[in-house]
Amino acid sequence: AGNTVNFGTLTFNSAGSVDLTEDSSMLISGASSAGAGLDLVSASDVTLAASVTVVGDTNITAGTTVGSIDVNAKLNGSGTILLDAAEEITIAASIDPTIVTLNADDDITVNAAVVASDLITVSAGEDGSGSFVLGSSGSLETTDSGSDVVVTTGTGSGEITLSGTTTALDQVTMTAASGSINGSGLVSSSAVDLNAFSGIGDATFVSLSSSTVTADTVGGDIDLSNNLSTAVDVSSLTTGTGSVSFSQAGGGDLSTLTVSASGAVALSNAAGSMSLSGTVVGNTLDVTASGSLTDGSDGDLAIAGLAEFTAGSVDLGNDAGNTVNFGTLTFSSSGSVSISEDSSLDLVGTNTAGSADLDSAAGVSDASATSVDVTGLLDVTGTTVVLGSGTFNAGTLTFNSSGSVSISEDSSLDLVGTN
């Protein structure tokens, strides 16, 4: 107590622990080492300009009201590494311990490899304002089974920008409580959980490789592309005021649980089937799958405007637990299309199918459709049926209605079954 300590530059080497406190900024200028733990405390900035190797835990603190940490040379630690700055943290050289914790009142920028075996925690804006930037030359990676990466930014303001890669074997969790998450740097983990205030991928889509995806934002758009080649479960894609776009680009079957947007919803699977097994709410819906499209036993679809489906086959609304309502409907499939709607079924645009079974609790109409072209059997059920407003062709036709039926076909009209 009572000591005043100031160095121009600093180098240390000890087989034991090293505990240094400086009353001014601290500059590590030469290769340094500690054999039983390291504690560095500065009243201002801390700069690592030379490599530091530590056996045991490492704690570096820069200031209480002012003070930044710059890691410009490699920091090796066999235990945990905690960097705590009153202002910014900038990582320009690699860090490689068991656990890494980066805490800063302001921004945190990573432009080099940060690797930990168990856990990486990044907390920017601990005073309420601060962003996280992962540069294109930077990366976050955890290597052991069950390992995680956790990133948070300021509650008052703070963005997450991802240009480099983020990898964890278990889970990546990112939260921008007052900002957005953007960037095309790959986020790879068994589970990815993204949370934001003003959008996820709304400026630059976020690239994922994950088998379990959650992405929720208070407002703004969601735009995600997932390149995993095996089965993917999307547990939640929600925005209060915006649109949702999710592309399963790598192949593998895709299943969604909760999807909700005030605007457009676009879901695609380039090389697999899709199951809308939970709820989908949106103003419009555009779904594309190379394989089958289903909604399971409990899927509920509530689309105010156009719902457009393109798939190898389509089976929606046919289970007792389904509630399905569209403003208007367009389908395209080389296989079978079976859609049961709990309100009027109104076809628009160009509709094609190998065969089609269309059921409505109200009327079935193609009054605004350009065309309906079904190669095989078209089976239609509704309180009224009006078909043939545009170009209309069906291989064979069956209709059932308690009301009027009006059908005009541009080829032979061949009735089969009970009508």
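Analyst: Start with a rule for this predicted model. Two strands count as paired if DSSP finds at least two bridges between them.

User: What makes S43 and S44 a pair?

Analyst: Two bridges join S43 to strand S44, residues 385–387. The cut-off is at least two, so S43 and S44 count as paired. They run parallel. One bridge sets Val364 against Val385 in S44.

User: How do you know that S43 also pairs with S41, S42 and S45?

Analyst: Count the bridges again. S41 (residues 345–353) and S43 (residues 364–381) share eight. S42 (residues 355–360) and S43 share four. S43 and S45 (residues 391–400) share nine. At least two are needed, so S41 and S43 pass with eight. S42 and S43 pass with four by that rule, as do S43 and S45 with nine. In each of these cases the sense is parallel: S41 with S43, S42 with S43, S43 with S45.

User: Which residues face each other across these pairs?

Analyst: Val348 stands opposite Ser368 in S43. Asp357 has Asp379 of S43 as its bridge partner. Val374 stands opposite Ala394 in S45.

User: Why are S3 and S24 called edge strands?

Analyst: They belong to an open sheet of eight strands, ordered S3-S6-S9-S12-S15-S18-S21-S24, with parallel pairing. S3 (26–28) and S24 (181–182) each pair on one side only. Inside that order, S9 (residues 69–71) and S12 (residues 89–91) share three bridges. Asp70 stands opposite Thr90 in S12.

User: Why is Thr173 called buried?

Analyst: Buried means under 20% relative accessible area. Thr173 has 18%, so Thr173 counts as buried. Thr173 sits in strand S23, residues 171–176. Beyond residues up to four places away in sequence, Thr173 touches Val149, Val150, Val151, Asp193 and Asn195.

User: What makes the link between Thr173 and Gln171 a polar contact?

Analyst: Their side chains come to 2.9 Å. The limit is a pair of N or O atoms within 3.5 Å, so 2.9 Å fits.

User: How do you know whether Phe246 is buried or exposed?

Analyst: The relative accessible area of Phe246 is 2%. That is under 20%, so Phe246 is buried. Phe246 lies in strand S31, residues 244–248. Setting aside residues up to four places away in sequence, Phe246 touches nonpolar and polar names alike, including Leu224, Leu237, Asn226 and Ser268.

User: Which residues have the most contacts inside the largest nonpolar core?

Analyst: Leu83 and Leu224 do, in a core of 106 residues. S43 gives the most to this core, with six residues. Leaving aside neighbours within four places in sequence, Leu83 is in contact with residues including Ile60, Ile69, Val71, Ile89 and Ile91. In soluble globular proteins, nonpolar side chains tend to be buried together.

User: How do you know what the whole chain looks like against a compact globule?

Analyst: Set the two radii of gyration side by side. A compact globule of 419 residues would have one near 22 Å, but this chain has 29 Å. The C-alpha atoms fill a box of roughly 100 × 35 × 30 Å along the principal axes. The chain has zero helices and 46 strands. Buried residues make up 48% of the 419.

Definitions and conventions. Residues are numbered from 1 along each chain as its sequence is written. This is a predicted model: local features need pLDDT of at least 70, side-chain atom pairs count only at pLDDT 80 or more; totals for chains, interfaces and linings use all residues. Side-chain values use heavy atoms; hydrogens and water are left out. Buried means under 20% relative accessible area, exposed over 50%, partly exposed in between (1.4 Å probe, protein chains only). A polar contact is a pair of N or O atoms within 3.5 Å; within protein, one must be able to donate a hydrogen and the other to accept it, and residues adjacent in sequence count only if both atoms are side-chain atoms. Contact means heavy atoms within 4.5 Å. A nonpolar core is a set of buried Ala, Val, Leu, Ile, Met, Phe, Trp, Tyr and Cys residues joined through side-chain atoms within 4.5 Å. The radius of gyration is taken over C-alpha atoms; the globule rule is 2.2 Å times the number of residues to the power 0.38.
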